[in-house]
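Please look at the sequence and the structure below before reading on. The text after them walks through the fold step by step.

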Amino acid sequence: MKTLLVIRHAKADWPEGKAPANATDRDRPLTERGEADAVRMAQRLQQLKAVPELLISSPALRAATTARIMAREWNYPEDVIQWQPRLYQADLTDFIETITALPDTWKSIGLVSHNPGITLFANALTAYNIQHIPTCGVVAFHVQTSEWARFWPAEKKLWFFEYPEKLQQHSRI
């Protein structure tokens with residue numbers, strides 16, 4: 001069995017809500033809330049014993065920063081993070097081909113990417129209808145295969161769907 005974590009980058013916005021001259025969407029940084037959410041979600045994944053062995057991220061600043069913060073919380077070496085340009089503006093094929101190219105030595109992986117692609121991908125893996133993966137949301141699956149190359153046809157079971165607002169709701173109870 002393999003484990004897949006589908007992770008949306010944390011909350012991002014331009015300082016003062018306005019992009020600097022010559023900035024691109026790829027350059028958009030995390031907000032303070034986004035940074036705090038990335039720490040909290042990384043800690044939540046530790047509590048769930050769901051820290052991935054391999055973290056693969058879009059190189060866009062907001063995704064890369066989310067991946068780096070999570071890696072730091074897990075004492076995961078930053079130089080082991082794989083940067084996958086296909087995960088920026090990814091479609092279903094980009095996600096599947098990224099996963100199926102992986103060596104089978106990795107039992108669990110985390111993909112850090114963006115909406116709308118990441119929500120569409122998560123919905124393609126489950127009958128559970130996820131309307132929208134919020135920023136820093138994580139959808140985890142158990143994949144019934146020993147080979148990543150067989151990921152797509154393998155049975156996938158939703159393990160959990162966590163996101164910062166859900167953690168806040170639980171902490172108030």
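What follows goes from the whole chain to its sheet, then to the helices, the core and one loop residue.

The model is a predicted one. Its chain has five helices and six strands. Read along the sequence, these elements follow the pattern β-α-β-α-β-α-β-α-β-β-α. The C-alpha atoms fill a box of roughly 45 × 45 × 35 Å along the principal axes. For 173 residues, a compact globule would have a radius of gyration near 16 Å, and the 15 Å of this chain agrees with that. Of the 173 residues, 48% count as buried. The chain exposes about 8,700 Å², and carbon and sulfur atoms supply 49% of this area. Contacts also link distant parts of the sequence: among those between residues at least 6 apart, 70% join residues at least 24 apart.

Next comes the sheet. In what order do the strands lie in the sheet? The six strands form an open sheet in the order S3-S2-S4-S1-S5-S6, and the pairing is mixed. The edge strands are S3 (82-83) and S6 (156-162), each of which pairs on one side only. Strands of a sheet pair through backbone hydrogen bonds, either parallel or antiparallel. Both kinds can be followed here by walking across the sheet. Strand S2 (residues 54-57) and S4 pair in the parallel sense over four bridges, and Ser 57 stands opposite Val 112 in S4. S4 is also paired with S1 in the parallel sense, over six bridges. Along this pairing, Leu 5 stands opposite Gly 110 in S4, and Thr 3 stands opposite Ser 108. On the S5 side of S1 the direction is antiparallel, and six bridges join S1 to S5. Thr 3 stands opposite His 142 in S5. Strand S5 (residues 138-143) in turn pairs with S6 in the antiparallel sense over six bridges, with Ala 140 opposite Phe 160 in S6.

Two of these strands deserve a closer look. In a regular strand the side chains alternate between the two faces of the sheet. In strand S4 (108-113), Ser 108, Gly 110 and Val 112 lie on one side and Ile 109, Leu 111 and Ser 113 on the other, and all are buried. Why is S4 described as largely enclosed by the rest of the structure? Six of its six residues are buried, so the strand is largely enclosed. Strand S1 (2-8) is mostly covered as well, with seven of its seven residues buried. One side of S1 carries Lys 2, Leu 4, Val 6 and Arg 8, the other Thr 3, Leu 5 and Ile 7, and both faces are covered.

Now add helices to the picture. Helix H1 (residues 32-47) lies across S1, S5 and S6 and runs at about 135 degrees to S6. Helix H4 (residues 117-124) lies across S1, S4 and S5, running at about 150 degrees to S1. Which residues of H4 are buried? They are Gly 117, Ile 118, Thr 119, Phe 121 and Ala 122. The cover over these buried residues includes S1, helix H3 (92-100), S4 and S5.

The strands and helices also meet in the core. In soluble globular proteins, nonpolar side chains tend to be buried together. The largest nonpolar core of this model has 50 residues. Leu 4, Leu 55, Leu 111 and Phe 121 are those with the most contacts inside this core. Leu 55 can serve as an example. Leaving aside neighbours within four places in sequence, Leu 55 is in contact with residues including Ile 7, Ala 67, Trp 74, Val 80, Gly 110 and Val 112.

The last stop is a loop. Tyr 163 is found between S6 and helix H5 (164-172). Is Tyr 163 buried or partly exposed? Buried means under 20% relative accessible area. At 22% relative accessibility, Tyr 163 therefore counts as partly exposed. Leaving aside neighbours within four places in sequence, Tyr 163 is in contact with Met 41, Pro 134, Cys 136 and Gly 137. The C-alpha atoms of Tyr 163 and Ser 57 are separated by 18 Å, and these residues are 106 apart along the chain.

Notes
Residues numbered from 1 in each chain as written. Predicted model: local features only at pLDDT ≥ 70, side-chain atom pairs only at ≥ 80, totals over all residues. Heavy atoms only, no water. Pairing = 2+ DSSP bridges. Helix = DSSP H or I, 4+ residues; strand = E, 2+ residues; numbered from the N terminus. Contact = heavy atoms within 4.5 Å. Axes fitted to C-alpha atoms, helices over the stretch in contact; angles between N-to-C directions. Rg over C-alpha atoms; globule rule 2.2 N^0.38 Å. Buried < 20%, exposed > 50% of the residue type's maximum accessible area, 1.4 Å probe, protein only. Areas by Shrake-Rupley, 256 points an atom, 1.4 Å probe, with all protein chains shown as cover. Core = buried A, V, L, I, M, F, W, Y, C linked by side-chain atoms within 4.5 Å.
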